[in-house]
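I opened this notebook to record what I looked up, one topic at a time. The sequence and structure come first.

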Amino acid sequence: MTISPILPVYSPININFSYGKGIYLYDTDNKCYIDFHSGIAVSSLGHANLQLISALKSQGERLWHITNTYNISAANNFAEKLINNSFANTVFFTNSGSEAVECGLKIARTYQNGKGNKNRYRILTFHGAFHGRTFLTCATNDRQKFSELLNPYIDWCDNIEPNIESVKKTISNDIGVVLVEPIQGQGGIKVMDEAFMKELRKLCDENDILLFFDCIQCGAGRTGKLFAYEHIEVEPDICALAKGIGGGFPLGACLATEKAAQYMAVGMHGSTFGGNPLATSVGNAVFDELLSYGFLENVEIRGKYLKNKLEDLASRFSMIEEVRGKGLMLGIKVKMNNQKFAEELSYRGLLTVGVTSDNVVRILPPLIITEKEIDKGIKILEQYLSEKSPNLY
């Protein structure tokens, strides 16, 4: 029996990248690729961004790592930025999105236990959900998306249809937190209904249940707002962030209100690397760009431009069934295997995300993309569709 040096849980496309610049990546043969992938919504400011390089170099020359046993100025500064631009009163830094969700679920458990509701330990999530790959977050995901080899799952979670009637039927004295993505990423770029989200907030308030938003993929400016929940004016009690907040540096954060986090105390949670000087210096640099004048407005404008281009292709080529999403978090539902679709596009020089539910191909370019660069990507997609799909005109 032979196993690969890297645990064989991935099936990588046979392209080796050498370097990147802006929205472009170059392989070892110096072939250029347009990046509509961004490392799954991670490279928010593109590749080799000068501001991020400067922040990393400046901090790296001084101090890479100390633990949270000591005060970390960069972490304090970044926490203040997040708090000043969100619903939150407090922040915990992690290394990944899964860890941020785990932290939020722990906050929710301490809240219910602190209130004397020890029976309220269950977690309510929704069909299509994806919240991570740790043991607990796997249990919060849509169970149909994971191998039976992971059974039995941790039995704390109920996964239901995302409609208010299903929630009303499921909510009982043992539900302590509702965990939901305002826009499902892995689940197929499904935007949650605004009326549903508002009813969900109301129902949680009436039953003293915490509302937890997973903005790991739909946060950090990806939708044209700093947080996707800003589109619907519904605020959570807890929110998980990761992916784009580090621009490619491993970094996550769990945000919470004082009410939700009131029972968290010294020793109840921790992270060796979470919030270290190097990571949070990069996070500060990313957010300085996101919060700079006109940046998010440009993301919204470019997102509408790209979506219009995709909708035009959908009107002309039968291969595309539907265009979904907000800002630069978009997806096209296609009439062939989405992973094959994305792989074939990649060999033509356009990188997209094919590992998505509901046969959707995710389109997640860096937030710095221009209309001219969008046009270049659309041209490759159009040429591919013209060979694969009947033109409806």
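**Entry 1. Second largest pocket.** I asked which elements each supply at least two residues of the lining of the second largest pocket. I found helix H3 (73-84), strand E4 (90-94), helix H4 (97-114) and strand E12 (252-256). Of these, E4 gives the most to the lining, with four residues. I note here that I am reading a predicted model. The volume of the second largest pocket comes to about 700 Å³. I counted 26 residues in its lining, and those closest to its centre are Asn68, Thr90, Val91, Phe92 and Phe93.

**Entry 2. Cavities.** I then turned to enclosed space. In general, rolling a probe the size of a water molecule over the atoms shows where empty space is left. How many cavities of 30 Å³ or more does a search of the whole structure find? The search finds two. The largest cavity holds about 50 Å³ of space. I listed its lining as Phe135, Cys138, Ala139, Leu150, Pro152, Tyr153 and Ile154. Cys138, one of these lining residues, is buried, because its relative accessible area is 6%, under the 20% cut-off.

**Entry 3. Disulfides.** Since Cys138 had come up, I looked at cysteine pairs. How many disulfides does the structure hold? I found zero. To see why, I checked sulfur distances against the limit of 2.5 Å for a disulfide. For Cys138, the closest cysteine sulfur is in Cys157, 10 Å away, so the two are too far for a bond. For Cys103, the closest cysteine sulfur is in Cys254, at 3.9 Å, which is also too far for a bond. I recorded Cys103 as buried, with a relative accessible area of 1%.

**Entry 4. Salt bridges.** A search of the whole structure gave me 19 salt bridges. I wrote up three, among them the pair Lys57 and Glu61.

Lys57 and Glu61 have their closest N and O atoms 3.0 Å apart. Are the partners buried or exposed? Lys57 is exposed at 53% relative accessible area, and Glu61 is exposed at 58%.

Next I looked at Glu371 and Arg302, whose closest N and O atoms are 4.0 Å apart. Glu371 sits in helix H12 (residues 371-388) and Arg302 in helix H10 (residues 295-316), so this salt bridge ties together parts that are 69 residues apart in sequence. Glu371 is partly exposed, with a relative accessible area of 33%.

The third pair was Arg324 and Asp358, with closest N and O atoms 2.6 Å apart. Arg324 belongs to strand E13 (residues 320-326), while Asp358 is in the loop between strand E15 (350-351) and strand E16 (360-363); the pair therefore ties together parts that are 34 residues apart in sequence. I compared the two partners by accessibility: Arg324 is buried at 10%, whereas Asp358 is partly exposed at 32%. I also traced shared partners, and found that salt bridges join Glu322, Arg324, Lys333 and Asp358 into one network.

**Entry 5. A nonpolar patch.** Which residues form a nonpolar patch on the surface? I noted Ile3, Ile6, Leu7, Val9 and Tyr10, with about 630 Å² of accessible area together. I looked up Ile3 separately. Ile3 lies in the segment before strand E1 (17-21). Its relative accessibility is 59%, and exposed means over 50%, so Ile3 counts as exposed.

**Entry 6. Positive phi values.** My last search was for residues other than glycine with a positive phi. Ile40 is not a glycine, yet its phi is positive, at about 60°. I placed Ile40 in helix H1 (residues 38-41). Its relative accessible area is 28%, so I entered Ile40 as partly exposed.

Lys243 also has a positive phi, near 40°, and is a residue other than glycine. Where is Lys243 found? I located Lys243 in the loop between strand E11 (238-241) and E12. E12 was already in my notes, as one of the elements that supply at least two residues of the second largest pocket's lining. Lys243 counts as partly exposed, at 24% relative accessibility.

Terms used: Residues are numbered from 1 along each chain as its sequence is written. This is a predicted model: local features need pLDDT of at least 70, side-chain atom pairs count only at pLDDT 80 or more; totals for chains, interfaces and linings use all residues. Side-chain values use heavy atoms; hydrogens and water are left out. Patches are made of residues with over 30% relative accessible area and no salt bridge: like charges are joined within 9 Å, nonpolar side chains (Val, Leu, Ile, Met, Phe, Trp, Tyr) within 5 Å. Accessible areas come from the Shrake-Rupley method with a 1.4 Å probe; for residues, only the protein chains shown count as cover. A salt bridge is a side-chain nitrogen of Lys or Arg within 4 Å of a carboxyl oxygen of Asp or Glu. Buried means under 20% relative accessible area, exposed over 50%, partly exposed in between (1.4 Å probe, protein chains only). On a 1 Å grid over the protein atoms alone, a cavity is a set of points where a 1.4 Å probe fits but cannot get out, and a pocket is an open set with protein on both sides within 12 Å along at least five of seven lines; lining residues have an atom within 4 Å of a point. Grid points are joined across faces, edges and corners, and a volume is the space filled by probe spheres set on the points.
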